[in-house]
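Please walk through this structure in the viewer, one selection at a time. Each stop names what to select and then says what is there.

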Amino acid sequence: MPKKGSRKIIVDHEPYFWKVIADEDLYFKQLIIENTKYQDYQIEALFDYRESLTISPNMVSQIIHLAMHNGWSPGKSQEKKYIFKDFSKLKIKTTAIWKPAVFNGKQVLKKGVTDLFYFTNFKGLSFSWGEFDIGNDFKASCKIDEMIHDVYGEIYSVESVGEQFIISGAQINEKIDMTHVNDVEKWTLKVTLSEFIKLPKRNYENT
């Protein structure tokens, strides 16, 4: 692995280099992790660019631990290259977009709360409010760290009640009527999530 642009990390007293490489079409970013002593022992993982997440040292450490849990061990295991695929087990920090949408029922986004939420990858990682599309959408467990609006700043909670949304924030308390299109369009929020775990489809395919 080229050392230019790589970073060093210590996991369980063992040093590693890691690097993120983007493909030419920006469809994927490839993570390569290499043991510094046994350089032919590597871990590789492909991440989809459409999911807005940062590959952090914490994530790299988790991937190394998961690889070792599955038998990969620098200088010891027969297989030197480990292709990481256990993405559903990663706890990550990422961002998502929330936009108002008609929802027949009630949902709540609230700062500081850990819960299960539906998401769609269409044009980025977005909250999927409304009918769940099992073919494209997925379910994730995560904590909402922050919600930001371009004009009103920090938002504390978003609650859907039929075709209305109640927005509560540091500078605003407002009820949005879904019949007013202009009001709906201005309420896109950037949401920061931590402890984000994408759940395998088998856990909810019948719900």
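Select K111 to begin: in this predicted model, K111 is partly exposed, with a relative accessible area of 37%. Now add E154, which forms a salt bridge with K111; the closest N and O atoms are 2.3 Å apart. The two come from distant parts of the chain, 43 residues apart: E154 belongs to strand 11 (residues 153–161), and K111 to the loop between strand 7 (108–110) and strand 8. E154 is partly exposed because its relative accessibility, 24%, falls between the limits for buried (under 20%) and exposed (over 50%).

**The other salt bridges**

How many salt bridges does the structure hold? There are 3. Select D40 and K80 next, whose side chains meet in a salt bridge with an N to O distance of 2.9 Å. D40 sits in the loop between strand 3 and strand 4 (42–48), while K80 sits in the loop between helix 1 (57–69) and strand 5 (81–83), so this pair ties together parts that are 40 residues apart in sequence. D40 is partly exposed at a relative accessible area of 42%, and K80 is also partly exposed, at 39%.

Move to K81 and E44. Their side chains meet in a salt bridge of 3.0 Å, N to O. K81 lies in strand 5 and E44 in strand 4, so the pair ties together parts 37 residues apart in sequence. Is E44 buried or exposed? E44 is buried, with a relative accessible area of 16%, a value under the 20% cut-off. K81 counts as partly exposed at 45% relative accessibility.

**Aromatic rings**

Switch to the aromatic side chains; the structure holds 11 aromatic pairs. Select F84 and F87 for one of them: the pair is edge-to-face, with 5.3 Å from centre to centre and 85 degrees between the planes. F84 counts as buried at 1% relative accessibility, whereas F87 counts as partly exposed at 30%.

Then select F119 and F138. Why is this pair stacked? The ring centres are 5.8 Å apart and the planes meet at 20 degrees, so the pair is stacked; the limit for stacking is under 30 degrees. F119 lies in strand 8 (residues 114–120) and F138 in strand 10 (residues 137–149), so to speak of sequence, the pair links distant parts of the chain, 19 residues apart. Both F119 and F138 are buried.

Extend the selection to F117, F127 and F196. Together with F119 and F138, these residues form one aromatic cluster. Keep F138 on screen and add K198: the charged end of K198 sits over the ring of F138, 4.4 Å from its centre.

**A nonpolar patch**

Turn on the surface and select Y27, F28 and L46. These residues make a nonpolar surface patch of about 330 Å². F28 is placed in strand 3 (residues 28–35). With a relative accessible area of 38%, F28 is partly exposed.

**K93 and its contacts**

Select K93, which is placed in strand 6 (residues 92–98). Is K93 buried or exposed? K93 is exposed, with a relative accessible area of 52%; the cut-off for that class is over 50%. Now add L193: the C-alpha atoms of K93 and L193 are separated by 5.5 Å, although the two residues are 100 residues apart along the chain. Leaving out residues up to four places away in sequence, K93 touches L53, T54, D145, T192, L193 and S194.

**The whole chain**

Clear the selection and show the full model. The secondary structure comes to 2 helices and 14 strands. What percentage of the 207 residues counts as buried? The value is 42%. The protein exposes about 12,000 Å², of which carbon and sulfur atoms supply 49%. Taking contacts between residues at least 6 apart in sequence, 58% join residues at least 24 apart.

Notes. Residues are numbered from 1 along each chain as its sequence is written. This is a predicted model: local features need pLDDT of at least 70, side-chain atom pairs count only at pLDDT 80 or more; totals for chains, interfaces and linings use all residues. Side-chain values use heavy atoms; hydrogens and water are left out. Patches are made of residues with over 30% relative accessible area and no salt bridge: like charges are joined within 9 Å, nonpolar side chains (Val, Leu, Ile, Met, Phe, Trp, Tyr) within 5 Å. Accessible areas come from the Shrake-Rupley method with a 1.4 Å probe; for residues, only the protein chains shown count as cover. A salt bridge is a side-chain nitrogen of Lys or Arg within 4 Å of a carboxyl oxygen of Asp or Glu. Helices (H or I, at least four residues) and strands (E, at least two) are DSSP runs, numbered from the N terminus. Buried means under 20% relative accessible area, exposed over 50%, partly exposed in between (1.4 Å probe, protein chains only). Rings of Phe, Tyr and Trp (its six-membered ring) pair if their centres lie within 6.5 Å; planes under 30 degrees apart count as stacked, over 60 as edge-to-face and the rest as tilted. A charge sits over a ring if NZ of Lys or CZ of Arg is within 6 Å of the ring centre and within 35 degrees of the ring normal. Contact means heavy atoms within 4.5 Å.
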